[in-house]
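Work through the exercises below with the model open beside you, and try each task before reading its solution.

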Amino acid sequence: MNQLPVPGRDTVYVWTGRAADDQRELARRLLRRAGGALLGRPEAEIGVGRAPGGRPEVYAADGRTLPVSVSHVDGVVVVAARAGGPVGVDVELRRPLPATPLARRWYDPDEAAWLAARAEAGRELDFLRLWTAKEAVGKALGTGLRDGGLRRRMPPPDDGGGELLRPVPGCPGVRVGHPAGGAGLVLAVAVAGATGPVDVALEQRAGHDAASRSAAVERTSLPVVVRGSWSSRCSVRGRL
């Protein structure tokens with residue numbers, strides 16, 4: 001990684017790569033890189049596997065583990081890691097879709113009504129922002145989209161001017177936001193259990209493997225204040 005963890009700051013690190021063929025192998029490489037960077041061990045000493053519930057797991061030989069999350073679409077692989085606690089990430093391609101009918105079928109009625117009232121030109125993007133937020137929050141909570149996860153209300157997507165990470169209604173202590181994901185991508189990052197401000201460090205990678213990279217790194221401060229634990233109603237996965 002071209003930047004070290006910031007001492008004393010709760011940070012989500014996000015790696016993005018493009019795979020020409022095997023997305024799973026690229027995901028493993030990025031997970032090992034995350035483990036090496038945040039657990040302070042050589043990548044060769046980092047293990048990658050699955051936790052009992054099916055979530056990806058990164059661990060060092062000394063027994064330490066690292067909370068991580070993985071998402072992929074059309075050759076794009078995104079890995080998020082956070083030493084400070086649970087994290088979720090989801091990525092989708094921007095594309096035409098019947099946003100209003102899909103929202104009426106899957107989303108909370110208030111969300112569907114909000115989406116229908118939005119300008120038609122941005123409706124598909126707003127639908128995908130809500131979808132990726134639901135996915136990312138489900139991963140951070142460890143329950144995915146089970147038990148009504150698609151109808152779990154998200155904060156309305158913000159086009160700017162407000163805080164990036166926003167409270168999830170009915171889920172105290174859980175927040176979600178949409179950092180810049182790159183051209184043609186919609187990216188969502190969620191955290192749970194934070195006790196103060198959380199940074200997001202995005203490392204964009206170009207090309208077809210985890211070794212090639214661009215020089216652009218974005219760091220966005222995400223003010224997170226947790227008051228209490230999340231409720232049992234907020235009790236990772238569906239693919240659109």
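**Exercise 1. Locate Ser-71, decide whether it is buried or exposed, and find its polar partners.**

Step 1: Ser-71 belongs to strand β5, residues 68-73, where strands (E, at least two residues) and helices (H or I, at least four) are DSSP runs numbered from the N terminus. The model is predicted, so local features need pLDDT of at least 70 and side-chain atom pairs count only at pLDDT 80 or more, whereas totals for chains, interfaces and linings use all residues. Residues are numbered from 1 along each chain as its sequence is written, and side-chain values use heavy atoms, leaving out hydrogens and water.

Step 2: With a relative accessible area of 1%, Ser-71 is buried (under 20%, with exposed over 50% and partly exposed in between; 1.4 Å probe, protein chains only).

Step 3: The Ser-71 side chain makes a polar contact with the side chain of Asp-90 at 3.2 Å (a pair of N or O atoms within 3.5 Å, one able to donate a hydrogen and the other to accept it; residues adjacent in sequence count only if both atoms are side-chain atoms). A polar atom of the Ser-71 side chain also lies 3.1 Å from the backbone nitrogen of Val-91.

**Exercise 2. Compare the span of helix α4 with its expected value, and describe its surroundings.**

Step 1: Helix α4 has 22 residues (120-141), which should span 32 Å at 1.5 Å a residue, the rise being multiplied by one less than the number of residues.

Step 2: The end C-alpha atoms of α4 are 32 Å apart, which agrees.

Step 3: Of the 22 residues of α4, 18 are buried, and Gly-142, with a positive phi near 85°, follows the helix.
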